Structure formats: C-alpha cells, structure tokens
Amino acid sequence: MARYTLQRLIYMLITLFIIATATFFLMKLLPGSPLQNQEKLSPEQQKIILEKYGLNDPVPVQYVRYLGNLAKGDLGVSFQYDNRPVTQLIGDRIGPSAQLGFQALVLGTIVGILLGVIAAVRHNTAIDYGATVLAVLGISIPSFVFGGLLQYYVGVKLKLLPVAFWDGFEYTIMPTLALSVFVIASIARFMRTEMLEVLGSDYILTARAKGISGFGVIFKHGLRNAMIPIITILGPMAVNLMTGTLVIEQIFAVPGLGEQFVRSINLNDYPVIMGTTIFYSALFIFVIFIVDILYGLIDPRIRLAGGKK
C-alpha cells in the first residue's frame, strides 16, 4: 500500500507542475495587461508599476521566479486588491464556497445512494420508474432554476428561509438544496445501474442460496462492490461543487471564490487568476489522489495492479 500511495503522490506532483507551467505561459499569451484600465496613469508611472511587479523582466526569468515562489507556497500579490497576497484572498473567499459544496455533496450522496438502491431493488416497479424520472429531471434542469424556484416559493411565498445573503446556517439551506439536486440525480442513476449489475452476479446468487437475508445481501455484499464507480464520480463532483458554484453564489449573494475569480479575469489580475487556477487544480488533483487511495482500500486487486506497473 505504501508503494501504491507513493506512486500516486509522484503522479500528483508531476501533474501539478505541468498545470502550473501551462497556466503561466497561457497567461502570457492573453491580450492586454493589468494596466489596460488605468488610463489616468502616465507612461512613467506605468513603467514603475511594471518594474515593481517584475513584468518587464524576460519571460524565462519571470517563469523561474514564479516556480520558485510557488514551491514556497507564495502565489504573489494582487494588482487590483491593494497588493494583498493571493493566498489571503483565496482564504477569505473559500469558506462559503467550501461549505456549500460540502453540504451539497453529503446530502446529494446520501439521498442519491438510497434512491439508486431502492430503484434497483424495486426494479421495473412504479418506485423504480418514479426514481428514474426524478433523476432525469434533476440532471436536465439547471441548478439555478431550482434555486430561483426555492427562493420564490420557500423564501418569498412561505417565508420559511432567508431569500439571499450569508449570515448563518439557515442562509445555506436553499443554496445547498439547489446544488445537491444534480448530485442526487447523478448518483441515483449510477447507483441504480451498478446495483442492478451487482445483484445479478453469481456471488450474490450464492449468498442468497446460503440463506443470507435480503438486507445483508444488499448492504454487505452488493453495496460495497457497487460503490467503486460512485467513488469515481464523487471526486471530480466534489471539486466542481466547491469551485463551480458561481451562478448559485450570484443568485443567493454568497461571497464565494467564484465571484472573485471572474472579477480578476475582467481586470487582468494575473496573480489572482494564476493563483486561483493553481488552487483549483491542486484541489482537484488531491481529490483524485484520495479517490485512488480509496480504490486501493476497497479493492486490493487495483492496488496490486498499480504496484506491478
């Protein structure tokens, strides 16, 4: 297991290096500059600012300095946010986005697994058809539509929850519900398909023949094997929920990381754009790393195959 973990860790670092390099040179290809909206600055003032941030240095020099700072955990300072460190800007905004993403993932995973298992066990019944229709609706309708409906009926009509803003747990309930709909639908569909395949396997039929109860067959033997594909989609889904909540954050006036990222793109704030991209990438790679480790724990055959390579 140690060799398997070390191998995945090396892959993770190589991937992060490639992403950091690609991000840096792609930023250099973008048109415009951080000073394009500073019409009131004289050419001399603009030159002083460019020299201050090292933007007049040759690109290879900037690249080496960028990697050196990155290795030390320094993502630079913002051009537009009063020279504040990018790490501080990310730290100030990641809380609401992470909280919404985590709550939506936990809620969506639990409900989605239960819905998928029930649909598989009640295959070709009204319950199965109802669960399938709900899953299709959940995937087809965008989350911001659910968000708007929740705001109107739950917030405005029934006055059960705050319509918007960020001032306590009750403010997170409706955004979480809106985000979790897609998770519930996706996991329910995967879970139903996997459980149908697992429940038709020979070892499940053998377990039933030995007299093991239906609950034991489903949750002890069937659910564990059906979980591997679910874990595959949980990793990327977790990162997407945490970082891809821009529309929901806008609708519910949540001060998250997505809103800051878009504003930085409009202002050509290179350090914030690169720092946020590196942060997203590192988060995504770390989640994939955790998923790989879980693979090895759930199914030792995967771990052994990886070790041989």
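This passage describes the overall architecture of a predicted model, followed by its annotated spans, one helix pair, one buried serine and a group of aromatic rings.

The protein contains 13 helices and 0 strands, and its order along the sequence accordingly reads α-α-α-α-α-α-α-α-α-α-α-α-α. Along the principal axes, the C-alpha trace extends over about 85 × 60 × 30 Å. Of the 309 residues in the protein, 40% are buried. When contacts between residues at least 6 apart in sequence are considered, 74% of them join residues that are at least 24 apart.

According to an unreviewed UniProt entry, the annotation "transmembrane region" applies to residues 9–27, 100–121, 133–153, 173–191, 230–252 and 272–298. Two of these spans were examined in the predicted coordinates. For residues 9–27, the C-alpha atoms at the two ends are separated by 27 Å, and the span is 100% helix and 0% strand. For residues 173–191, the corresponding separation of the end C-alpha atoms is 25 Å, again with 100% helix and 0% strand.

The packing of helix α6 (residues 143–157) against α7 was then considered; the axes of these two helices come within 8 Å and cross at roughly 145 degrees, and the crossing in which α6 passes α7 is right-handed. On the α6 side, the contact is formed by S143, F146, G147, L150, Q151, V154 and G155, which meet M174, L177, A178 and V181 on the α7 side. Sorted by class, the residues in this contact comprise 7 nonpolar and 4 polar ones, with no charged residues.

Helix α7, which covers residues 170–199, also holds S186. The relative accessibility of S186 is 8%, and because the limit for a buried residue is under 20%, S186 counts as buried. Apart from neighbours within four places in sequence, the residues in contact with S186 are I139 and M237.

Across the whole structure, a search for aromatic pairs returns 7 of them. In the pair formed by F24 and F25, the ring centres lie 5.1 Å apart and the planes stand at 90 degrees, so the arrangement is edge-to-face. The two residues of this pair can also be described by their accessibility: F24 is buried, with a relative accessible area of 3%, whereas F25, at 36%, is partly exposed. The ring of F24 is paired in addition with that of Y63, and because the planes of these two rings make an angle of 50 degrees, with the centres 5.4 Å apart, the pair is classed as tilted. This pair connects distant parts of the chain, since F24 belongs to helix α1 (residues 2–29) and Y63 to helix α3 (residues 59–71), the two residues being 39 residues apart. Y63 likewise counts as buried, its relative accessibility being 15%. Taken together, ring pairs join F24, F25, Y63 and Y66 into a cluster.

Definitions and conventions: Residues numbered from 1 in each chain as written. Predicted model: local features only at pLDDT ≥ 70, side-chain atom pairs only at ≥ 80, totals over all residues. Heavy atoms only, no water. Helix = DSSP H or I, 4+ residues; strand = E, 2+ residues; numbered from the N terminus. Buried < 20%, exposed > 50% of the residue type's maximum accessible area, 1.4 Å probe, protein only. Contact = heavy atoms within 4.5 Å. Phe/Tyr/Trp six-rings, centres within 6.5 Å; stacked < 30°, edge-to-face > 60°. UniProt positions renumbered as here; feature names shortened; annotations may be inferred. Axes fitted to C-alpha atoms, helices over the stretch in contact; angles between N-to-C directions. Left-handed = near helix turned anticlockwise from the far one by under 90°. Nonpolar A, V, L, I, M, F, W, Y, C, P; charged D, E, K, R; others polar.
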